[in-house]
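I set out to look up the fold, one annotated site, the disulfides and some backbone details of this protein. My entries follow the order of the look-ups.

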Amino acid sequence: MSSSGFKFTLLVPLIVACLMASSARNFHNDFDITWGDGRGKIVNNGEVLTLSLDKASGSGFQSKNEYLFGKIDMQLKLVPGNSAGTVTAYYLSSKGSTWDEIDFEFLGNLSGDPYILHTNVFSQGKGNREQQFYLWFDPTADFHTYSILWNPQRIIFSVDGTPIREFKNMESFGVPFPKNQPMRIYSSLWNADDWATRGGLVKTDWTQAPFTASYRNFNADACVWSNGASSCKSNASPSSASTNSAWLSQEMDSAKQQRLKWVQKNYMIYNYCNDAKRFPQGLPPECNMS
């Protein structure tokens with residue numbers, strides 16, 4: 001082999017490696033820190049994002065892209081120690097007075113007491129669909145993956161691949177479903193000690209500040225919405241989905257359904273569908289569907 005040929009064979013793997021590295025997810029490419037006056041930071045060459053909260057301000061970020069359906073994954077490590085009064089919110093939302101929104105909110109607590117994972121779904125500006133859970137691990141000790149699967153048939157909230165909640169499309173029963181408004185990903189860390197911990201009885205201990213939450217390994221298998229058009233051929237037609245967009249028609253298999261039941265039996269602490277006092281005119285219609 002000539003020396004030039006030998007150099008070329010060495011060069012090809014290097015080029016491939018560089019291309020692969022450049023295609024890896026980087027917070028600089030995917031997100032903008034939108035508020036917090038320096039309290040939000042992208043570090044480790046774009047691999048990690050941190051949000052901080054002190055008595056003066058919290059912080060937040062949003063995605064550069066808008067999405068209309070997708071499977072969104074993010075790893076979070078929550079505020080450790082005495083996090084009472086703090087809320088870490090991670091959600092999808094559109095804009096306007098009739099917005100759609102899919103929420104994860106992590107409500108802090110006193111040291112040794114569990115975080116509460118609060119979920120909600122808004123459609124056309126209407127929410128009031130809260131379900132709350134304890135987690136089966138310490139979410140401050142390490143990173144864990146929090147996922148939203150959003151397709152035309154259902155929304156599934158998952159933690160480390162275990163489904164905790166499903167909100168099905170029940171438009172045929174008059175229940176609005178988020179399907180027409182593209183949404184951005186947002187996250188923020190903020191002080192909500194007027195309600196977050198024991199209904200506001202436990203206040204934020206500012207001697208513990210700054211409080212910090214960390215993010216890594218963002219991934220979006222999703223339809224990106226840009227200039228009034230989707231990057232997917234057909235949002236509503238799963239038959240057009242390739243193997244890479246199987247999420248467009250994904251549903252839970254029997255094993256996932258069993259895991260969902262396990263979580264809801266053992267870790268759910270509030271379900272709006274069981275709160276008859278809150279809805280004296282009758283429970284929302286989706287609560288009566290299987």
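The entries below record what I looked up.

**Entry 1: overall make-up**

I note at the outset that the model is predicted. I counted the secondary structure elements and found three helices and 16 strands. The protein has 290 residues, and buried residues make up 47% of them. I then turned to the contacts between residues at least 6 apart in sequence; of these, 66% join residues at least 24 apart. For the accessible surface I recorded about 14500 Å², with 51% of this area belonging to carbon and sulfur atoms.

**Entry 2: the eight-stranded sheet**

Which order do the strands take in the open sheet of eight? I read the order as S1-S4-S13-S6-S7-S8-S9-S16, and the pairing is antiparallel. The edges are held by strand S1 (31–35) and strand S16 (268–271). Each of these two has a single partner strand, so one side of each lacks a neighbour in the sheet. I also looked up the angle between neighbouring strands of this sheet: on average they are turned by 15 degrees against each other, direction ignored.

I followed the S1 edge further. S1 runs antiparallel to strand S4 (residues 59–63), and four bridges join the two. One residue pair I wrote down is phenylalanine 31, whose bridge partner in S4 is serine 63.

**Entry 3: serine 188 in the sheet**

I next chose a residue on strand S13 (residues 184–191), namely serine 188. Is serine 188 buried or exposed? Its relative accessible area is 10%, and the cut-off for buried is under 20%, so I entered serine 188 as buried. Leaving aside residues up to four places away in sequence, I listed its contacts as Trp35, Leu51, Ser59, Gly60, Val87, Thr88 and Ala89.

**Entry 4: the annotated asparagine**

I consulted the UniProt record, an unreviewed entry, which places the feature "glycosylation site" at Asn109. Where is asparagine 109 found? I located it in the loop between strand S7 (101–107) and strand S8 (116–122). Its relative accessibility is 13%, so asparagine 109 counts as buried in this model. With residues up to four places away in sequence not counted, asparagine 109 touches Gly81, Asn82, Ser83, Ala84, Pro114 and Thr197. I record the annotation as it stands in the UniProt entry and the burial as computed from the model.

**Entry 5: disulfides**

How many disulfides does the structure hold? I found two. When the bonded cysteines are numbered in sequence order, the pairing is 1-2, 3-4.

One disulfide is formed by cysteine 223 and cysteine 232, with their sulfur atoms 2.0 Å apart. The torsion about their S-S bond is about -100 degrees, so I classed this disulfide as left-handed. Both cysteine 223 and cysteine 232 are buried.

The other pair I examined is cysteine 273 and cysteine 287, whose sulfur atoms lie 1.9 Å apart. Here the torsion about the S-S bond is about -75 degrees, so this disulfide is left-handed. Cysteine 273 and cysteine 287 are in the segment after S16, 14 residues apart. I checked burial here as well: both cysteine 273 and cysteine 287 are buried.

**Entry 6: backbone details**

I then looked at the peptide bond from alanine 209 to proline 210, which is cis, with omega near 0 degrees. Proline 210 is found in the loop between S13 and strand S14 (211–226).

Arginine 198 is not a glycine, yet has a positive phi of about 50 degrees. I placed arginine 198 in the loop between S13 and S14. Its relative accessibility is 59%, and exposed requires over 50%, so arginine 198 counts as exposed.

Asparagine 227 is likewise not a glycine and has a positive phi, of about 55 degrees. I found asparagine 227 in the loop between S14 and strand S15 (229–230). With a relative accessibility of 80%, asparagine 227 counts as exposed.

Terms used: Residues numbered from 1 in each chain as written. Predicted model: local features only at pLDDT ≥ 70, side-chain atom pairs only at ≥ 80, totals over all residues. Heavy atoms only, no water. UniProt positions renumbered as here; feature names shortened; annotations may be inferred. Buried < 20%, exposed > 50% of the residue type's maximum accessible area, 1.4 Å probe, protein only. Contact = heavy atoms within 4.5 Å. Areas by Shrake-Rupley, 256 points an atom, 1.4 Å probe, with all protein chains shown as cover. Pairing = 2+ DSSP bridges. Axes fitted to C-alpha atoms, helices over the stretch in contact; angles between N-to-C directions. Disulfide = S-S within 2.5 Å.
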